[in-house]
Amino acid sequence: MKHCFHYILTGKINTYYSEGAELRAKELKILLERAAPFLEDSLKVKIGVTMAAVTAKEWAFLLDKPYGLPTMRFGACKRSSTRLPEVKYAAIMPGAVNGPIYNGWIELKDSLSPSTLKKLAEAGVAFEQGGKILIDFVGLHELGHAYANAFGLKNYVNFFAEFITNYLAYAFLRSTEERLDKKVMAILSANVDGITPIHSSLKKWEGFRSAEHPPTETWYNSIITLKAAEIYEQRGFEFLYAVRKAFPEEEGKLNTETIIARLDSIHPGIFKWSENLSKKIPQNTSLIIHDSTLLKVKALNTPFLKKDIDVYYSAGYKKRGKKVQSLIQDAMRFYRKP
Ligand SMILES: [Zn+2]
């Protein structure tokens, strides 16, 4: 069977889309074409970016990660170099707003506090709408990866790459006349409020892949974007020029600790912020009980605290969580006996 993409090659973003994804492709194209000139002016670079809106059926022909987790590819796609032209920057987006990011948002509803729901309402976000706004944000995030690369910022570790690109995505949203940043920030704050990640340390994020637990990836991206927004409000693009100057090393040559220390010297407070982050989830004796079908994992619920071992569990796993906790509790008591 032959798979071909339809395409729109006019305008700033060359756009490819699967059968049935035309409307979503056009919508994304309009959004990215608003952001691209702003980023080009601010970073003083000019690049060509391709975007593909791909349906679930064709996703697997292009990428080796689960459907719906968007990505920015530098160069040809892993599985095929013939289905899309060889371009330097290709943003691969789901051809509809479905997928784990959207589902993750919808499943969050019961975990949100009344004050978070109120903030969403105040920002003008009807709950279901939030999932789409979140994926649009991820689209801008992917575009940001291309511009960060063209600007000369290298990929070292998850935290650095994601922080920079979220900084760029936020900068664009903040620049819009209708203040698109307000809705997005309310949604990202809701993610931080409602999701319990499986860990909360930028160091642990280093070896983590989004497919392991998409809500954790969403949580990290949300909380670092809140920080990026705070810095952007104070420093604007000047911060990114300072970062570029301070990070001359080749790709992959720096670890998270070095990066945080160096960022802290450019913008004091980042180190302390990262330390506080790792206190959000206890790093010692905690156990996570979750669904074995990872993509269906719901936002992890509050742990059973104040015992020797904290247990986090997915929706529907409370009973199992309690059972395992008491088992470990017994074992701990046994080992403590003189
Ligand atoms: Zn990314």
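Helix α1 (residues 22-43) lies across β1, β2, β3 and β5, and its direction makes an angle of about 160° with β2. This arrangement belongs to a predicted model, whose protein chain holds 13 helices and eight strands. Of the 338 residues of the protein chain, 43% count as buried, and among the contacts with a separation of 6 or more, 68% are accounted for by residues 24 or more positions apart.

**The five-stranded sheet**

The strands that α1 lies across, namely β1, β2, β3 and β5, take part in an open sheet of five strands, which has the order β1-β2-β3-β5-β4 and mixed pairing. Its edge strands are β1 (6-8) and β4, each of which pairs on one side only. On average, and with direction ignored, neighbouring strands of this sheet are turned by 20° against each other. Three of the pairings are set out below, each with one pair of residues that belongs to it.

| Strands | Sense | Bridges | Residue pair |
|---|---|---|---|
| β1 (residues 6-8) and β2 (residues 13-17) | antiparallel | three bridges | Tyr7 and Tyr16 |
| β3 (residues 49-54) and β5 (residues 89-94) | parallel | five bridges | Ala53 and Met93 |
| β4 (residues 71-74) and β5 (residues 89-94) | antiparallel | four bridges | Met72 and Ala91 |

Strand β5 thus appears in both a parallel pairing, with β3, and an antiparallel one, with β4. Strand β5 is also mostly covered, six of its six residues being buried. The cover extends to both faces of the strand, since Tyr89, Ala91 and Met93 on one side and Ala90, Ile92 and Pro94 on the other are all buried. Two of these buried residues, Met93 and Ala91, also take part in the pairings of the table, Met93 as the bridge partner of Ala53 and Ala91 as the residue opposite Met72.

**The packing of α6 and α9**

Two packed helices are described by the angle between their axes and the distance between the axes. For helix α6 (residues 158-175) and helix α9 (residues 214-235), that angle is about 60° and the axes are 8 Å apart. The two helices are therefore oblique to each other, and their crossing is right-handed. On the side of α6 the contact is made by Glu162, Phe163, Asn166, Tyr167, Tyr170, Ala171 and Arg174, while α9 contributes Tyr220, Asn221, Ile224, Thr225, Ala228, Ala229 and Tyr232. By character, the residues of this contact divide into nine nonpolar, three polar and two charged.

Notes:
Residues numbered from 1 in each chain as written. Predicted model: local features only at pLDDT ≥ 70, side-chain atom pairs only at ≥ 80, totals over all residues. Axes fitted to C-alpha atoms, helices over the stretch in contact; angles between N-to-C directions. Parallel < 35°, antiparallel > 145°, perpendicular 65-115°, else oblique. Left-handed = near helix turned anticlockwise from the far one by under 90°. Contact = placed C-beta atoms within 7 Å. Nonpolar A, V, L, I, M, F, W, Y, C, P; charged D, E, K, R; others polar. Buried ≥ 20, exposed ≤ 12 C-beta atoms within 10 Å, placed from the backbone. Pairing = 2+ DSSP bridges.
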